[in-house]
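Work through the exercises below with the model open. Each task is followed by a worked solution.

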Amino acid sequence: MSLLLLVDLDGVVYRGSEPVPGVAAVLADRAARGDDVVYVTNNSMHYRADYVTRLRAMGAPITPETVVSSARATALHLVNHESGVRRVLVLGASGLERELRDVGLEVVTAGHAATRMHQEGIDGWAAAGAPDAVVTGLDPNLTYLRLAAASDCVRAGARFIATNRDPVYPTERGLRPGAGSVAAAVEAASGITPMSIGKPSPHLLELAAEAVGRDARDAVMIGDGVGTDLAAARAVGARCVFMLTGVGTRAEVEALPPAERPTAIAADAEELATILDGLTDRP
Ligand SMILES: [Mg+2]
């Protein structure tokens, strides 16, 4: 029987711009043998086509349906699990706007609402046209009025959904504020706590499994983060192969109480392949 593999990207398939040696080939082999391979990333800034191009170049099995970023997952959540959401105010990057439009939602950008607030002297709720929901992600062009627009809408009753709550985002120039910092600013200004889709909450993994018609409880999460990948796997009751190819360390995992440790630890692609050979489709 085939496995459902939910695979984190940064620190597992690649590290920054460099592929992690052998992992794409292991995943290609598993897909050729019938496994479902779905990529799950908290990144909220990119459109699916960007990942398809990049992962195909590395030899990893991928289609636009098998990469579920927190942006894509938020779009799927809004259309499949919330009722009555049509218009959405987006405080985030262009890839997030595109994912939301792709599922048929009417997107108002926080930038557009901010311009109207400034020019017409109206509040963010009116400027955004009374949206049903506010979605936050990493907005690389964040301004005070964009933040005001999102906060006004949440205060006026729009549902508040955060793509993820990662406080920081690693870049080549060091840590920068992440999508979680943007969500936290809106939370502070509105007094409302958002629902968060990304890891460590269970929603991203559930929506990724649903995208290929499977159950997240039967999945094997392959990830490198204790507070994200491993925590999300535990939240849905899935198994987890913890990769030492990214940010997490063996010492960090071994310091966890036994009940919170991953199913297995893999130092590299070869160990990952051996571990997967020993797993069955249901835990
Ligand atoms: Mg990672």
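**Exercise 1. A proline and its peptide bond**

Task: Locate Pro200 and classify the peptide bond that joins Lys199 and Pro200.

Solution. Pro200 sits in the loop between strand 12 and helix 9 (203-211). Next, read omega for the Lys199–Pro200 bond: about 10 degrees. The bond is cis. Most peptide bonds are trans, which is the background for this check. Keep in mind that this is a predicted model.

**Exercise 2. The sign of phi**

Task: Find where Ala130 lies, give its phi, and decide how exposed Ala130 is.

Solution. Ala130 belongs to the loop between helix 6 (124-127) and strand 8. Its phi is near 50 degrees, a positive value in a residue other than glycine. Most residues other than glycine have a negative phi. Now count neighbours. Ala130 has 14 C-beta neighbours inside 10 Å, so Ala130 counts as partly exposed. The cut-offs are 20 or more for buried and 12 or fewer for exposed.

**Exercise 3. Two packed helices**

Task: Describe how helix 3 (residues 70-81) and helix 4 (residues 94-102) pack.

Solution. Two packed helices are described by the angle between their axes and the distance between the axes. Here the angle is about 30 degrees and the axes are 8 Å apart. Helix 3 is therefore roughly parallel to helix 4; angles under 35 degrees fall in that class. The crossing of the two helices is right-handed. List the contact residues next. Helix 3 supplies Ala71, Arg72 and Ala75, while helix 4 supplies Gly95, Leu96, Glu99, Leu100 and Asp102. Sorted by class, the contact of helix 3 with helix 4 has 4 nonpolar, 1 polar and 3 charged residues.

**Exercise 4. A strand with two partners**

Task: Work out the pairing of strand 13 (residues 220-223) with strand 1 and with strand 14, then sort the residues of strand 13 by the way they point.

Solution. Begin with strand 1 (residues 4-7). Strand 1 pairs with strand 13 in the parallel sense, over 3 bridges. Leu6 has Met221 as its bridge partner in strand 13. Then take strand 14 (residues 239-243). Strands 13 and 14 run parallel and are joined by 4 bridges. Val220 stands opposite Arg239 in strand 14. Finish with the directions. In a regular strand the side chains alternate between the two faces of the sheet. In strand 13, Val220 and Ile222 point one way, Met221 and Gly223 the other way, and all are buried.

**Exercise 5. An open sheet and its helices**

Task: Which strands stand at the edges of the sheet with the order 7-6-8-9-12, and which helices lie across strand 6?

Solution. The sheet is open, has 5 strands, and its pairing is parallel. Strand 7 (106-109) and strand 12 (195-196) are at the edges; each has a single partner strand, so one side of each is left without a neighbour in the sheet. Inside the order, strand 8 (residues 133-136) is joined to strand 9 (residues 159-162) by 4 bridges. Val134 stands opposite Phe160 in strand 9. Now add the helices. Helix 5 (residues 110-120) lies across strand 6 (87-91) and strand 7, at about 55 degrees to strand 7. Helix 8 (residues 179-190) lies across strand 6, strand 8 and strand 9, at about 140 degrees to strand 8.

Note on methods. Residues are numbered from 1 along each chain as its sequence is written. This is a predicted model: local features need pLDDT of at least 70, side-chain atom pairs count only at pLDDT 80 or more; totals for chains, interfaces and linings use all residues. Axes are lines fitted to C-alpha atoms, for helices over the stretch in contact, and angles run from 0 to 180 degrees between N-to-C directions. Angles under 35 degrees count as roughly parallel, over 145 as roughly antiparallel, 65 to 115 as roughly perpendicular and the rest as oblique. A crossing is left-handed if the near helix is turned anticlockwise from the far one by less than a right angle, and right-handed if clockwise. Two residues are in contact if their C-beta atoms, placed from the backbone, lie within 7 Å. Ala, Val, Leu, Ile, Met, Phe, Trp, Tyr, Cys and Pro count as nonpolar, Asp, Glu, Lys and Arg as charged, and the others, Gly among them, as polar. Two strands pair if DSSP finds at least two bridges between them.
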